[in-house]
Amino acid sequence: MNRPTTVLLTALAPVSWGTTYAVTTEFLPADRPLFTGMMRALPAGLVLLALARVLPRGVWWGKSAVLGALNIGAFFPLLFLSAYRLPGGMAAVVGSVGPLIVVALSAVLLGQRPTARSVITGLVAAFGVSLVVLKAAGALDAVGVLAAFASAASMSAGTVLTKRWGRPDGVGPLALTAWQLTAGGLLIAPLALLVEGAPPALDGRAVGGYLYLALANTAIAYWLWFRGIGRLTATQVTFLGPLSPLTAAVVGSAALDQALTPVQLAGMAVAFGATVAGQLGVRPPAVGRPVGSAGSKATPEALRGVSRAL
């Protein structure tokens, strides 16, 4: 499969994540972000695990737990915390530094020297996202800012480590995705029960919403994301992240009557331009050769139903 096709398929993941807010607010029980995170991750992981029919072996039990915690289990709760404590779209703005964190971690863990182009592109992407999502200024909460930064760092570290560790010989991206989603869902489950109490009663709309989130928005989207990490550079993949808040803004305008201002439209053009620039001039690794086999929202505004971020 050629590189443009791989980029486009990988881009479907953040595009899908950008629909989460609309689905959450229109179909799901209110104020249950951790339960929603668990319902996205754990059923999706178990379904993919049944399809892959492969369990981790040896050191991959530990690696899967680490990757599942970084990409899912820690990322979701930190994102939820930041979105609740920060005004406007500040959580998304802080989270948009993810590409810069990936650039830095890639230098340390993957030996990829950062370039002026990648740093400038990361700054431009963050600026574009800020124009789209940032609302009226409000008092910043230190815990919220730290949580937003930690969520971005968690997903960024998970993306780079996924690239560094690759996959065991004979194991495809489907199994790797299943391991991470299951591990992350199991990590969120007790936290959801402790913080939010017993699961809420679900009607038909909620069941349909959770099925969409678990299957299309999580199982398929994360499979495409981790597949992309195996075929592209970590930097290329992370520069697709701004597509999530951009999609959320478009969906909000089309489906939720949230009109876009000229400044937001300009920000969308800037962020999209940075996303495209992040795919140019980079030589991807050999397709189908996972690194290490031989030897990751943000959102258009802060949330009532936090899960819109991913």
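1. A residue is called buried here when its relative accessible area is under 20%. By that criterion both Arg-32 and Glu-196 are buried in this predicted model, and the two residues deserve attention together, as the next point explains.

2. The side chains of Arg-32 and Glu-196 meet in a salt bridge, with a distance of 3.5 Å from N to O. The pair links distant parts of the chain, since Arg-32 sits in the loop between α2 (20–27) and α3 (33–52), while Glu-196 belongs to helix α10 (residues 173–196), and the partners are 164 residues apart. A search of the whole structure finds one salt bridge, and the bridge between Arg-32 and Glu-196 is the one to inspect.

3. As for the overall architecture, the chain contains 14 helices and zero strands. Of its 310 residues, 52% count as buried, and the accessible surface of the chain comes to about 12900 Å², with 70% of that area belonging to carbon and sulfur atoms.

4. The largest nonpolar core has 35 residues, of which Trp-17, Ile-72, Phe-76, Tyr-222 and Trp-225 touch the most other members. Two or more residues of this core come from each of α1 (3–17), α3, α5 (75–85), α10 and α11 (204–231), and the greatest contribution is that of α11, which supplies eight residues. As general background, nonpolar side chains in soluble globular proteins tend to be buried together.

5. Helix α10 also deserves a look at the second largest pocket, where about 160 Å³ of space is found. The residues that line this pocket are Leu-49, Leu-55, Pro-56, Trp-61, Ser-64, Ala-65, Trp-179, Thr-182, Ala-183 and Leu-186. The elements giving two or more residues to the lining are α4 (60–73) and α10, and α10 gives the most, with four residues. Helix α10 therefore recurs in this note: α10 carries Glu-196 of the salt bridge, is among the elements that give two or more residues to the largest nonpolar core, and contributes to the lining of this pocket.

6. A final site to examine is Thr-235, which lies in helix α12 (residues 234–238). Is Thr-235 buried or exposed? Thr-235 counts as buried because its relative accessibility is 13%, which falls under the 20% cut-off. Leaving aside neighbours within four places in sequence, Thr-235 is in contact with Val-102, Val-103, Ser-106 and Gln-112.

Conventions:
Residues are numbered from 1 along each chain as its sequence is written. This is a predicted model: local features need pLDDT of at least 70, side-chain atom pairs count only at pLDDT 80 or more; totals for chains, interfaces and linings use all residues. Side-chain values use heavy atoms; hydrogens and water are left out. A salt bridge is a side-chain nitrogen of Lys or Arg within 4 Å of a carboxyl oxygen of Asp or Glu. Buried means under 20% relative accessible area, exposed over 50%, partly exposed in between (1.4 Å probe, protein chains only). A nonpolar core is a set of buried Ala, Val, Leu, Ile, Met, Phe, Trp, Tyr and Cys residues joined through side-chain atoms within 4.5 Å. Accessible areas come from the Shrake-Rupley method with a 1.4 Å probe; for residues, only the protein chains shown count as cover. Contact means heavy atoms within 4.5 Å. On a 1 Å grid over the protein atoms alone, a cavity is a set of points where a 1.4 Å probe fits but cannot get out, and a pocket is an open set with protein on both sides within 12 Å along at least five of seven lines; lining residues have an atom within 4 Å of a point. Grid points are joined across faces, edges and corners, and a volume is the space filled by probe spheres set on the points.
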